[in-house]
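Here are my notes on this model. Please read them with the coordinates open.

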Amino acid sequence: MRYLLWRKRVPRAAVKALDTLKKSDLDEVKALKKPPQKVKLTLETVCVMLGLKPRKVGKAWDFWPTAQHELLNNPNKMLQQLQEYDRDHMSDDLVLQIREKYWDDPMFQPKAVEKASVACFGLCKWVRAICQYHDVAKVVAPLVAKGRKVFLHDVNAEARWVEGD
């Protein structure tokens, strides 16, 4: 029973983050010719989460054209992809990549991103919530599979948990 509660409560942050997104906000982001770095970085993380590849721009690889064409061209499809994201089958490597490359970057902190774009604020929170879900699931799911009860002190924390009998 606790596991079912956990599985419903942890992803709420991701759902709430997506609820903040409006098509008009995403259209505004798409129209940016030279987006702020916080916007580019946030959309880069979304591309990475969805398995999208960067495009070559000049001599460099860049996720911005990918984000514009594959995500922002059809905001409704993008929102559907995010809502239906298979969070239960994320690879450890994917989460590790997000953690190592983006997590601590000052440009990928929700409050900083919010100043640049309301839409990207929601996307940033979604990426973070999905990764936190993965972290908690790695700890909790094996315990529950063994028939152990698990009590989470704070489901929005970085996988803080206490095992009970």
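1. Start with the cysteines, in what is a predicted model. Cys131 counts as buried, at 0% relative accessibility. Cys124 is buried too, with a relative accessible area of 0%.

2. Which cysteine sulfur is closest to that of Cys124? The one in Cys120. The two sulfurs are 8.8 Å apart, too far for a bond. A disulfide would need the pair within 2.5 Å. The structure as a whole holds zero disulfides.

3. Next, the packing of helices H4 and H5. A word on terms: the angle between the axes and the distance between them describe two packed helices. H4 covers residues 37–49 and H5 covers residues 64–72. Their axes lie 9 Å apart, at an angle of about 60°. That angle makes H4 oblique to H5, because it falls outside the 65 to 115 degrees that count as roughly perpendicular. The crossing of H4 past H5 is left-handed.

4. Who makes that contact? On the H4 side, Val39, Lys40, Leu43, Val46 and Cys47. On the H5 side, Trp64, Thr66, Ala67, Leu71 and Leu72. By class, the contact of H4 with H5 has eight nonpolar residues, one polar and one charged. Lys40 is the charged residue, and Thr66 is the polar one.

5. Stay on H4 for Leu41, which lies in this helix. Is Leu41 buried or exposed? Buried, with a relative accessible area of 7%. Setting aside neighbours within four places in sequence, Leu41 is in contact with Tyr102, Asp105, Met107 and Phe108. Take Asp105 from that list: Leu41 and Asp105 are 64 residues apart in sequence. In space, C-alpha to C-alpha, Leu41 and Asp105 are 9.4 Å apart.

6. Now the pair H3 and H6. H3 runs over residues 23–30 and H6 over residues 75–83. Their axes come within 10 Å and cross at roughly 110°. H3 and H6 are therefore roughly perpendicular to each other. The handedness of this crossing is right-handed.

7. Which residues join H3 to H6? H3 supplies Lys23, Leu26 and Asp27. H6 supplies Pro75, Asn76, Met78 and Leu79. The contact of H3 with H6 divides into four nonpolar residues, one polar and two charged. The charged residues are Lys23 and Asp27, both of H3. The polar residue is Asn76 of H6.

8. To set the two crossings side by side: H4 passes H5 left-handed, whereas H3 and H6 cross right-handed.

Conventions. Residues numbered from 1 in each chain as written. Predicted model: local features only at pLDDT ≥ 70, side-chain atom pairs only at ≥ 80, totals over all residues. Heavy atoms only, no water. Axes fitted to C-alpha atoms, helices over the stretch in contact; angles between N-to-C directions. Helix = DSSP H or I, 4+ residues; strand = E, 2+ residues; numbered from the N terminus. Parallel < 35°, antiparallel > 145°, perpendicular 65-115°, else oblique. Left-handed = near helix turned anticlockwise from the far one by under 90°. Contact = heavy atoms within 4.5 Å. Buried < 20%, exposed > 50% of the residue type's maximum accessible area, 1.4 Å probe, protein only.
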